[in-house]
Amino acid sequence: MIVFSNISKHYSGRPVFEGMNVSLNEQHHIGLIGPNGSGKTTLFRILSGETQPDDGRIILPPGFSCGYLPQEVEVLGEKSPLEIVLEPFSHVVNYESRIEELSGIIAHHNTPEEARQQAMAAMAHLWDQVEHHDAFALASRAEAILAGLGVPEAFWQQPIPRLSGGFRMRVVLAQLLLLAPSMLLLDEPTNHLDMDSLIWLEKFLGRFEGGTMIISHDREFLNRMSTTTAEIYGNSIVLYKGNYDAYLAQRDAHEEAAANAAKNMQRELNQTRRFIDRFRAKSTKASQVQSRIKKVQELKEAMPTLRRNAAAIDFSFPPAPPCGNVPLKVERAAAAYGDLTVFKNLNLSILRGEKAAIIGPNGAGKSTLLKLCAGLLAASEGAVVYGHNCELRYFGQHQLEQLNPELTLYQTIAAAAGSGETTYIRNVLGAFLFGNNDIDKTVKVLSGGEKSRLVLASILARPGNVLLLDEPTNHLDIQSVEILTGALQEFDGTVLFVSHNEYFVNAIATRIIEMRPDLFRDFPGSLDDYRYYCESLFGLQSQNDANKKSKAPDKEKLEKEQRIKQRELQKQLARKIEKIERQIQSCESELESYKTTMHDPANSTNYELLQSTNYKFKNAEKENARLLKEWEALQEESESN
């Protein structure tokens with residue numbers, strides 16, 4: 001167990017943790033959650049040894065080691081990705097030359113006996129290390145991990161400064177995965193991972209024998225990867241059994257119980273105070289009054305603290321200005337950076353009111369396409385055509401740097417909204433979790449997550465009618481992602497966006513566009529279908545790789561792989577069942593709508609309407625029966641597995 005005993009940590013006089021006591025199982029897969037600024041990254045830095053608590057101590061298991069992936073990767077010098085991944089194994093990577101050197105010392109006839117014995121001991125130790133780290137396969141394992149994480153082979157021998165920040169993060173992650181410490185601490189590992197790489201990482205972590213602690217704003221990722229949820233709340237940590245959805249159910253149940261307890265205690269407190277007020281002056285009741293005064297204090301101390309549900313703020317953004325039916329169209333466009341062509345002959349029409357998600361591997365040109373549509377990049381061929389009255393707003397990561405650090409939050413939103421209406425500006429800030437105490441803060445004192453929220457608030461304060469959003473959920477905590485999701489669901493304009501956050505895409509997208517090198521198409525299905533498609537591709541590649549291995553796996557390994565395969569099959573079945581259930585629900589809603597139309601007295605003489613509605617009703621009944629039959633078959637298959 002990892003034991004945090006009476007841990008306290010302060011920054012600039014503000015308590016992050018105060019007398020925190022918690023025990024964590026180092027073998028568990030833990031999702032660490034809490035709002036931005038609550039101390040999640042601080043906890044990682046304390047556990048990894050990067051920083052020390054002000055008070056208290058940490059008790060670690062014997063031989064414990066952890067690998068920490070921070071959000072921001074430090075400068076890595078001029079080494080190549082492959083060199084960085086293999087760096088912790090430098091003492092065994094070149095074992096052949098070292099063994100040859102030691103063999104020469106041992107075999108030389110002039111070597112003193114003491115030196116010969118030392119060389120033999122060094123060789124024995126080296127062989128132990130070679131076997132322990134499986135040095136024979138280190139390089140190939142490093143290459144497989146880099147490939148799995150989506151680092152192109154052409155980059156493996158290139159100096160690391162030539163790589164983007166996202167690829168540098170993947171290289172550091174690859175090093176940690178090859179190290180295989182007792183516990184992996186991953187701070188927002190999905191920020192720069194496309195679906196292909198994310199699926200590979202999930203499968204790798206599913207086979208990882210150590211524990212994991214993950215900070216992520218993607219609810220779906222946490223649901224798949226965590227078996228325990230640790231919430232930072234009130235300068236301490238509360239543990240919940242299960243993934244994020246299980247945490248929500250338990251938290252709500254606890255909150256309901258706490259609210260009922262607080263209500264009962266408040267009633268008792270009021271009764272006790274009335275007794276005190278009534279009999280305080282009577283000497284015959286003095287002892288009873290004193291007893292009640294003591295009870296009041298006890299009740300105050302025992303009163304549970306209830307959460308304030310900030311996400312429940314009710315706020316509506318202004319209607320989008322009317323525009324043409326096709327506000328944005330890309331015609332036979334090509335985009336290039338110098339001699340590098342990113343894509344060519346690309347055609348795309350976005351209809352009014354659509355919320356279209358562009359998905360696909362990194363490097364396919366998704367962000368480039370958004371910049372092209374926003375007019376930030378000129379097409380090398382073709383054109384972008386804007387429809388009647390198209391008003392574009394664009395969000396990209398560089399927007400954070402364009403904030404004026406000297407302006408207050410109020411001034412920033414007022415300038416973006418083009419309005420001095422105080423109530424509206426306060427409502428916009430409140431919708432993105434900036435309270436009345438925050439509006440006079442200057443931008444320069446905000447955290448990275450707070451700046452992201454402020455930029456999004458400034459865009460949605462006057463959203464126009466077409467939003468272009470490039471990874472809008474990066475650096476946002478889960479609650480902020482949910483608030484942004486709710487705002488965009490209510491937005492009646494058009495949205496074209498890039499995001500790796502599955503919860504966000506599933507909740508927003510009405511259209512999925514797949515973009516890969518030499519492939520651009522409307523994907524025929526939901527994001528769940530796309531994940532299943534990617535998993536199928538990944539599974540096929542895994543099988544091909546397995547067939548290339550000459551060494552047959554032992555029985556235990558085969559059984560483990562079979563268990564993993566079985567779990568994956570169950571996940572796929574669960575997703576299919578969930579999709580069918582959504583379709584059944586939609587079909588049943590249609591049936592109810594048709595019934596309402598047919599039973600409405602106002603339609604009793606409209607025979608044409610009644611006839612067409614009855615026809616639609618019978619077709620919907622058949623479709624519903626088909627879906628129910630398919631659902632039953634999937635349920636039977638799931639239960640048999």
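## A buried leucine in a helix

A helix here is a DSSP run of H or I that is at least four residues long, and helices are numbered from the N terminus. With that in hand, we can begin our tour of this predicted model at Leu573, which is found in helix H19, covering residues 555–599.

Is Leu573 buried or exposed? Its relative accessible area is 3%, and a residue counts as buried when that value is under 20%, so Leu573 is buried. Leu573 also has a partner from elsewhere in the chain: its C-alpha atom is separated by 6.5 Å from that of Ser638, although the two residues are 65 apart along the chain.

## A six-stranded sheet

Let's move on to the strands. Strands of a sheet pair through backbone hydrogen bonds, and they can do this either parallel or antiparallel. In this model, six strands form an open sheet with mixed pairing. Reading across, the order is S14-S15-S16-S12-S17-S18.

Which strands stand at the edges? They are S14 (392–395) and S18 (519–522). Each has a single partner strand, so one side of each is left without a neighbour in the sheet. From one strand to the next, the twist averages 15 degrees.

You can look at one pairing in detail. Strand S17, made of residues 511–516, runs antiparallel to S18, and four bridges join them. Across this pair, Ile513 stands opposite Asp522 in S18.

## Two enclosed spaces

The structure also holds two cavities of 30 Å³ or more. About 90 Å³ of space lies in the largest cavity. Of the 13 residues that line the largest cavity, the closest to its centre are Met195, Ile359, Ser499, His500 and Leu527. Three helices each give two or more residues to this lining: H8 (195–207), H17 (502–508) and H18 (527–548). Sorted by class, the lining of the largest cavity has seven nonpolar, four polar and two charged residues.

How much space lies in the second largest cavity? The answer is about 40 Å³. Thr190, Asn191, His217, Asp218, Glu471, Thr473, Asn474, His500 and Asn501 form its lining. Here the classes divide into no nonpolar, seven polar and two charged residues. If you want a residue to find in the structure, try His500: it is among the residues closest to the centre of the largest cavity, and His500 also lines the second largest cavity.

Definitions and conventions: Residues are numbered from 1 along each chain as its sequence is written. This is a predicted model: local features need pLDDT of at least 70, side-chain atom pairs count only at pLDDT 80 or more; totals for chains, interfaces and linings use all residues. Side-chain values use heavy atoms; hydrogens and water are left out. Two strands pair if DSSP finds at least two bridges between them. Axes are lines fitted to C-alpha atoms, for helices over the stretch in contact, and angles run from 0 to 180 degrees between N-to-C directions. On a 1 Å grid over the protein atoms alone, a cavity is a set of points where a 1.4 Å probe fits but cannot get out, and a pocket is an open set with protein on both sides within 12 Å along at least five of seven lines; lining residues have an atom within 4 Å of a point. Grid points are joined across faces, edges and corners, and a volume is the space filled by probe spheres set on the points. Ala, Val, Leu, Ile, Met, Phe, Trp, Tyr, Cys and Pro count as nonpolar, Asp, Glu, Lys and Arg as charged, and the others, Gly among them, as polar. Buried means under 20% relative accessible area, exposed over 50%, partly exposed in between (1.4 Å probe, protein chains only).
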